[in-house]
Amino acid sequence: MDISGEFDLKAALEQWEKSNFSQKEVTPADKKELKSHILDSIDELQENGLSEEEAFAIAQMRFGDRKDWGEEMQTLNEDNFQLKKIVLLFSGVILFIFFYNLILCSNRLLLLWSNYYNGDVESNVKNVRVFYNVTYALLVSSIVALYFLHEPIKWLFEKVILNSKWIILLILALIVVVGAERLLAPQLRDSINNASLEDTFFSLERYFKYIYIFIIGIGYVSIYKRYQNK
């Protein structure tokens, strides 16, 4: 309301939001939805011949205030947050296994192609170390970026919507890479055809397994501590 006594709907809504919305109880999505509903209610009442001020007063009575729905909404949001954490944890486990097998699968395909292309198996097996070193560097860089680029990462994850379709696609992709990684093993043995080099190659894969788990584990703990109070 302004000093001339005329009703200002925008100012009244801002005051209503300020009085009823707290960050603890209402998420930004809740705030947007509630505001949309009260505006729709005001429009409906105005269509029935009421003034802006009368429509706002009735809509305000319909919706009540924070003491009427704040506790219930906070409980609902806490339940939704717990469910989201479970879904994110489940998705994180799938991604962990997916990328582990994807890296192994990519490395095996690269070695098969190199052996077919130049036939220098010994040199190609040595180059596997380079592949893994690059992979370690990328993993560490990604974790560092997630740790320090808090605001952009938070904004990105707020925009990401997890639904059943994406989880199903992720599970199917996981099945594909796990199956491909298993199927490539006998072809690799035939391609290397040298017990010593074969042992070297699969030893590097075993080392990768432990180093991968270590890097992701340390990264997860660090990022969790960074974001838990954000």
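**Figure 1. A patch of negative charge on the surface brings together Asp 40, Asp 43, Glu 44 and Glu 47.** The model shown is predicted. Asp 40 lies in helix H2, which covers residues 28–47. Its relative accessibility is 45%. Asp 40 therefore counts as partly exposed, since that class runs between the buried limit of 20% and the exposed limit of 50%. A patch member must have over 30% relative accessible area and no salt bridge.

**Figure 2. Glu 205 and Arg 108 join in a salt bridge.** The N to O distance is 2.7 Å. This pair links distant parts of the chain, with the two positions 97 residues apart in numbering. Glu 205 sits in helix H8 (residues 195–227). Arg 108 sits in helix H4 (residues 66–118). Glu 205 has a relative accessible area of 6%, so it is buried. Arg 108 is buried as well, because its relative accessibility is 4%. Side chains of opposite charge can pair when their charged atoms come close.

**Figure 3. Glu 181 and Arg 182 form a salt bridge.** The closest N and O atoms are 1.9 Å apart. Is Glu 181 buried or exposed? Glu 181 is buried, because its relative accessible area is 5%. Arg 182 has a relative accessible area of 52% and is therefore exposed.

**Figure 4. A network of salt bridges links four side chains.** Its members are Arg 108, Glu 181, Arg 182 and Glu 205. Two of the pairs appear in the views above: Glu 205 with Arg 108, and Glu 181 with Arg 182. In the whole model, the count of salt bridges is 5.

**Figure 5. Arg 189 forms a salt bridge with Glu 198.** The closest N and O atoms of this pair lie 3.1 Å apart. Arg 189 has 39% relative accessibility, so it counts as partly exposed.

**Figure 6. The chain that holds these sites has 8 helices and 0 strands.** From the N terminus, the elements read α-α-α-α-α-α-α-α. The chain has 230 residues, and 31% of them are buried. Its accessible surface is about 15900 Å². Carbon and sulfur atoms account for 61% of that surface. Contacts between residues at least 6 apart in sequence were also sorted by separation. Of these, 76% join residues at least 24 apart.

Methods: Residues are numbered from 1 along each chain as its sequence is written. This is a predicted model: local features need pLDDT of at least 70, side-chain atom pairs count only at pLDDT 80 or more; totals for chains, interfaces and linings use all residues. Side-chain values use heavy atoms; hydrogens and water are left out. Patches are made of residues with over 30% relative accessible area and no salt bridge: like charges are joined within 9 Å, nonpolar side chains (Val, Leu, Ile, Met, Phe, Trp, Tyr) within 5 Å. Accessible areas come from the Shrake-Rupley method with a 1.4 Å probe; for residues, only the protein chains shown count as cover. Lys and Arg count as positive and Asp and Glu as negative; His and the chain ends are not counted. The place of a charge is taken as NZ of Lys, CZ of Arg, CG of Asp or CD of Glu. Helices (H or I, at least four residues) and strands (E, at least two) are DSSP runs, numbered from the N terminus. Buried means under 20% relative accessible area, exposed over 50%, partly exposed in between (1.4 Å probe, protein chains only). Contact means heavy atoms within 4.5 Å.
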